[in-house]
Amino acid sequence: MRAPIKQDAEFEAVLDCTSSMERPAMYRLMMLLSIRLGLRPMEIAGLEAEWFRGDELRIPLGHSKRKSGRSLPVSQEIIEALGAHMGARTGRVFRNAQGDAFDANGISMALRRLYKRAGVQGSCYSGRRTLATSMVDKDINIAVVSKVLGHSSIATTQSYVGVTD
């Protein structure tokens with residue numbers, strides 16, 4: 001089943017829900033990275049604080065599905081969420097309550113839990129798929145969308161894009 005495309009109000013409901021979680025800053029950042037940057041669960045799980053440089057996220061070679069790197073612009077909203085979550089800490093961005101690094105499955109489960117708690121049907125790929133669709137709806141060239149998502153094939157990107165009104 002393909003991840004459902006979400007409306008802004010649904011994402012806002014999920015983001016609002018993060019405040020009721022035990023570690024609200026962590027969950028908010030996790031969700032923002034999914035919906036604003038379209039990161040894969042494996043990319044979210046592997047993030048290091050040092051990859052954020054000013055208003056840019058630089059994912060190094062070998063830390064993405066294609067094993068290639070990419071740079072993405074980062075909004076002030078994400079920069080502030082990163083600061084709220086990390087404080088003065090460095091290193092791996094997402095760790096569980098025991099201090100162990102999240103893996104991709106842990107990120108996927110956390111995102112599904114957030115959607116469910118907010119009463120919104122969604123999955124760990126809903127942010128990614130919605131971002132792709134939104135960019136195409138704004139007449140952004142599919143090749144650019146493909147680069148943002150880290151796809152090696154435009155055909156893969158086209159499969160992410162849904163039909164909207």
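These legends go with close-up views of a predicted model.

**View 1. Helix H2 as a whole.**
Let us begin with helix H2, which covers residues 24-37. Does the end-to-end distance of H2 agree or disagree with what its 14 residues should span? At 1.5 Å a residue, H2 should span 20 Å, and its end C-alpha atoms are 19 Å apart, which agrees. Now look at how H2 sits in its surroundings: ten of its 14 residues are buried, so the helix is largely enclosed by the rest of the structure. If you would like to find the buried residues of H2 one by one, they are Met26, Tyr27, Leu29, Met30, Met31, Leu32, Leu33, Ser34, Ile35 and Leu37. Just after H2 comes Gly38, which takes a positive phi of about 70°.

**View 2. Helix H1 against helix H2.**
Here helix H1, made of residues 8-17, meets H2. The two axes come within 9 Å and cross at roughly 160°. An angle over 145 degrees counts as roughly antiparallel, so H1 is roughly antiparallel to H2. The crossing of H1 past H2 is right-handed. Which residues make this contact? From H1 come Phe11, Glu12, Val14 and Leu15, and from H2 come Arg28, Met31, Leu32, Ile35 and Arg36. Sorted by character, the residues of this contact are six nonpolar and three charged, with no polar ones.

**View 3. Helix H2 against helix H4.**
H2 also packs with helix H4, which holds residues 76-86. The axes of H2 and H4 are 8 Å apart, at an angle of about 155°. That angle makes H2 roughly antiparallel to H4. What is the handedness of the crossing of H2 and H4? The crossing is left-handed. On the H2 side you can pick out Ala25, Met26, Arg28, Leu29, Leu32, Leu33, Arg36 and Leu37. These meet Glu77, Ile78, Ala81, Leu82, Ala84 and His85 in H4. The residues of the contact of H2 with H4 divide into ten nonpolar, one polar and three charged.

**View 4. Leu29, a residue of helix H2.**
Zoom in on Leu29, which is part of H2. Is Leu29 buried or exposed? Its relative accessibility is 0%, so Leu29 counts as buried. Apart from neighbours within four places in sequence, Leu29 is in contact with Ile78, Ala81, Leu82, His85, Val93 and Phe94. For a sense of distance, try finding Phe52 too: Leu29 and Phe52 are 23 residues apart in sequence, and their C-alpha atoms are 13 Å apart in space.

**View 5. Ser34, another residue of helix H2.**
Ser34 also belongs to H2. With a relative accessible area of 1%, Ser34 is buried; the cut-off for that word is under 20%. Which residues does Ser34 touch, once those up to four places away in sequence are set aside? They are Leu39, Ile44, Leu111, Cys124, Gly127 and Arg128.

**View 6. Ala3, in the segment before helix H1.**
Next, follow the chain back to Ala3, which lies in the segment before H1. Ala3 has a relative accessible area of 9% and is buried. How many residues along the chain lie between the positions of Ala3 and Ser126, counted as a separation in sequence? They are 123 residues apart along the chain, yet their C-alpha atoms are separated by 4.9 Å. Not counting residues up to four places away in sequence, Ala3 touches Ser123, Tyr125, Ser126 and Arg129.

**View 7. Helices H6 and H7, with the loop between them.**
Helix H6 runs over residues 126-137 and helix H7 over 142-149. Their axes are 9 Å apart, and they pack at an angle of about 155°. H6 is therefore roughly antiparallel to H7. The crossing of H6 and H7 is right-handed. In H6, Arg128, Leu131, Ala132, Met135 and Val136 meet Ile142, Val145, Val148 and Leu149 in H7. The residues of this contact comprise eight nonpolar and one charged, with no polar ones. In the loop between H6 and H7, look for Asp139. Asp139 has a positive phi of about 65°, although it is not a glycine. With a relative accessible area of 72%, Asp139 is exposed.

Technical notes
Residues are numbered from 1 along each chain as its sequence is written. This is a predicted model: local features need pLDDT of at least 70, side-chain atom pairs count only at pLDDT 80 or more; totals for chains, interfaces and linings use all residues. Side-chain values use heavy atoms; hydrogens and water are left out. Axes are lines fitted to C-alpha atoms, for helices over the stretch in contact, and angles run from 0 to 180 degrees between N-to-C directions. Helices (H or I, at least four residues) and strands (E, at least two) are DSSP runs, numbered from the N terminus. Angles under 35 degrees count as roughly parallel, over 145 as roughly antiparallel, 65 to 115 as roughly perpendicular and the rest as oblique. A crossing is left-handed if the near helix is turned anticlockwise from the far one by less than a right angle, and right-handed if clockwise. Contact means heavy atoms within 4.5 Å. Ala, Val, Leu, Ile, Met, Phe, Trp, Tyr, Cys and Pro count as nonpolar, Asp, Glu, Lys and Arg as charged, and the others, Gly among them, as polar. Buried means under 20% relative accessible area, exposed over 50%, partly exposed in between (1.4 Å probe, protein chains only). The expected span of a helix is 1.5 Å times one less than its number of residues.
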